[in-house]
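This report describes selected features of one protein chain. Please examine the sequence and the three-dimensional structure before reading on.

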Amino acid sequence: MADNRHDQALNISPPPQHHGGDIGVFDDDGRPNRTGNVWTASAHIITGVIGSGVLSLAWAIAQLGWVAGPTMMVVFSAVTYFTANLLAACYRSGDSVNGKRNYTYMDAVRNNLGGFKVILCGVVQYGNLFGIAIGYTIAASISMMAVKRSNCFHKSGGKNPCHMNSNPYMISYGVVEILLSQIPDFDQLWWLSTVAAVMSFTYSTIGLVLGVIQVAVNRKIKGSLTGVNTGTTEKVWNSFQALGDIAFAYSFSMILIEIQDTIKAPPSEVKTMKKASAVSVAVTTTFYVLCGCMGYAAFGDLAPSNLLTGFGFYNPYWLIDIANVAIVVHLSGSYQVVCQPLFSFIEKSVSNRFPDSQFVKKHIKIPIPGFRSFKLNLFRLVWRTMFVILTTLIAMLLPFFNDIVGLLGAMGFWPLTVYFPIEMYIAQKKIPKWSPRWITLQIVSMICLVISIAAAAGSVAGIIHDAKSVKPFHTSY
């Protein structure tokens, strides 16, 4: 059924409306019944959100200190939850229960704002998703190397620095993603999202527990109220980059509409999505504050940029290995979740451009013993494979984990998490210009814009600095 739904999504003509006996099989837009609920939506969000970002939060808090660090994490979570609810209300145009569905973030912008903003949204959203795929490739390879290095370090008793090249690990991760990328759409990703969400809790919990143990061993809580005490210029840039890291850790708005399109009704999709957003933001914020704060409490100003792979913990090495394997499994699922909107956009665009192409439309049935036949689409195979290869190559060129994380967070947070949801909400609710409500929303937007610009500047400065010591395709850790 999900395969049929995917075929219909690629059809250039409007989906047919079904009546009578089909009413229990098809939704109001003629597409097969959606089956998602609060828990599947929450799993998708958590899979896309709790990722490599959580591992850099101890470093981020170290740059900001005990006052500003946790405060900014709570502020970002509040803004994310607030704007996620605004965005969820834009899934249907007009009436939130019976209005026309917007299948993608771009559709919502097109029907609520229109004009140049649609193009701007597409460039920012899909460019950000492309960047996140690169970031996940870097993070996964670092975790894979960390398993190898921790075992090497343990065997040598800490005498061998255990340097190794990252390229083979990035290529291995790319091969896995090529295979997983053939899963057609969000509907068939539920099992991968569930596994990935469990993995995210696994490594986050391990990081938290190890932080607590380290604090107990130290017999004191490290850190200071104002964070790392470095030169003024470096302090400013690092603080800006820390804001970008925190912003990246909360980014899920770019896939929210696509996730909402998997939810069944009744109750209305907006009600279910608001509950899923509340669950997801509450869970992620709890883990973020605990992991980030305990990491900083354990290591103070020396908190590593990647809590598990920066060798903040050497023992028990087997537990660190489990955590890093969980990271790799989680990022394997996250890659697919964040890339589905981009995959869908390209495939629909090409289908509209070449409606009679057998290469684009034809599906080949591949029998799988004990399971239903898998429908392989040739265009999907070629295009998604090329996409994964490209992101892998760029990751090999730019292996700056912390800087890339900060830049992605800065680039995506304001436009996708704040600006567009607020502007669409204002347009949909017809909020008068210069009214108290309008002014309040604009103030929130402007504050977030300033933070995003500062975070982007800090991350770019970090990338420029790190690029001086890296040779393309010859990066070792």
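Helix α13 makes the greatest contribution to a nonpolar patch on the surface of this predicted model, supplying three residues. The patch consists of Phe359, Ile364, Ile366, Ile368, Leu378, Val382 and Met386. Together these residues have about 540 Å² of accessible area. Two elements, β3 (363–366) and α13 (378–397), each provide at least two residues of the patch. One of the patch members, Leu378, is located in helix α13. Leu378 has a relative accessible area of 30% and is therefore described as partly exposed, because that class lies between buried, under 20%, and exposed, over 50%.

**The nonpolar interior**

In soluble globular proteins, nonpolar side chains tend to be buried together. In this model, the largest nonpolar core has 112 residues, of which Phe76, Ile246 and Phe387 touch the most other members. Helix α3 (residues 57–88) supplies the largest share of this core, namely 15 residues. What is Ile246 in contact with, leaving aside its neighbours within four places in sequence? The contacts of Ile246 are Leu57, Ala60, Leu64, Gly69, Met72, Met73 and Phe76. A second core, separate from the largest one, has eight residues, including Ile134, Ile142, Met164 and Met396.

**Cysteines**

A disulfide is a covalent bond between the sulfur atoms of two cysteines. How many disulfides does a search of the whole structure find? The search finds zero. Two cysteines may be described by their accessibility: Cys121 is buried, at 0% relative accessibility, and Cys339 is also buried, with a relative accessible area of 0%.

**Salt bridges**

A search of the whole structure finds four salt bridges. Among them are the three pairs listed below, with the distance between the N and O atoms.

| Pair | N to O distance |
|---|---|
| Arg101 and Glu269 | 3.1 Å |
| Arg110 and Asp107 | 2.8 Å |
| Glu347 and Arg384 | 2.7 Å |

The pair formed by Arg101 and Glu269 joins two elements of the fold. Arg101 belongs to strand β2 (residues 100–101) and Glu269 to helix α10 (residues 269–299), so this salt bridge ties together parts that are 168 residues apart in sequence. Are these two residues buried or exposed? Arg101 has a relative accessible area of 7% and is therefore buried, because buried means under 20%. Glu269 is likewise buried, with a relative accessible area of 1%. Arg101 and Glu269 are also linked with Arg92 in a network of salt bridges.

The salt bridge between Arg110 and Asp107 lies within a single helix. Both residues belong to helix α4 (residues 105–112), and because they are three residues apart, about one helical turn separates them. Arg110 is partly exposed, with a relative accessible area of 41%.

The pair formed by Glu347 and Arg384 links distant parts of the chain. Glu347 lies in helix α11 (residues 317–353), whereas Arg384 lies in helix α13, and the two residues are 37 residues apart. Both Glu347 and Arg384 are buried. Helix α13 thus appears in two parts of this account: it holds Arg384 of this salt bridge, and it gives the most residues to the nonpolar patch on the surface.

Definitions and conventions:
Residues are numbered from 1 along each chain as its sequence is written. This is a predicted model: local features need pLDDT of at least 70, side-chain atom pairs count only at pLDDT 80 or more; totals for chains, interfaces and linings use all residues. Side-chain values use heavy atoms; hydrogens and water are left out. Patches are made of residues with over 30% relative accessible area and no salt bridge: like charges are joined within 9 Å, nonpolar side chains (Val, Leu, Ile, Met, Phe, Trp, Tyr) within 5 Å. Accessible areas come from the Shrake-Rupley method with a 1.4 Å probe; for residues, only the protein chains shown count as cover. A salt bridge is a side-chain nitrogen of Lys or Arg within 4 Å of a carboxyl oxygen of Asp or Glu. Helices (H or I, at least four residues) and strands (E, at least two) are DSSP runs, numbered from the N terminus. Buried means under 20% relative accessible area, exposed over 50%, partly exposed in between (1.4 Å probe, protein chains only). A disulfide is a pair of cysteine sulfur atoms within 2.5 Å. A nonpolar core is a set of buried Ala, Val, Leu, Ile, Met, Phe, Trp, Tyr and Cys residues joined through side-chain atoms within 4.5 Å. Contact means heavy atoms within 4.5 Å.
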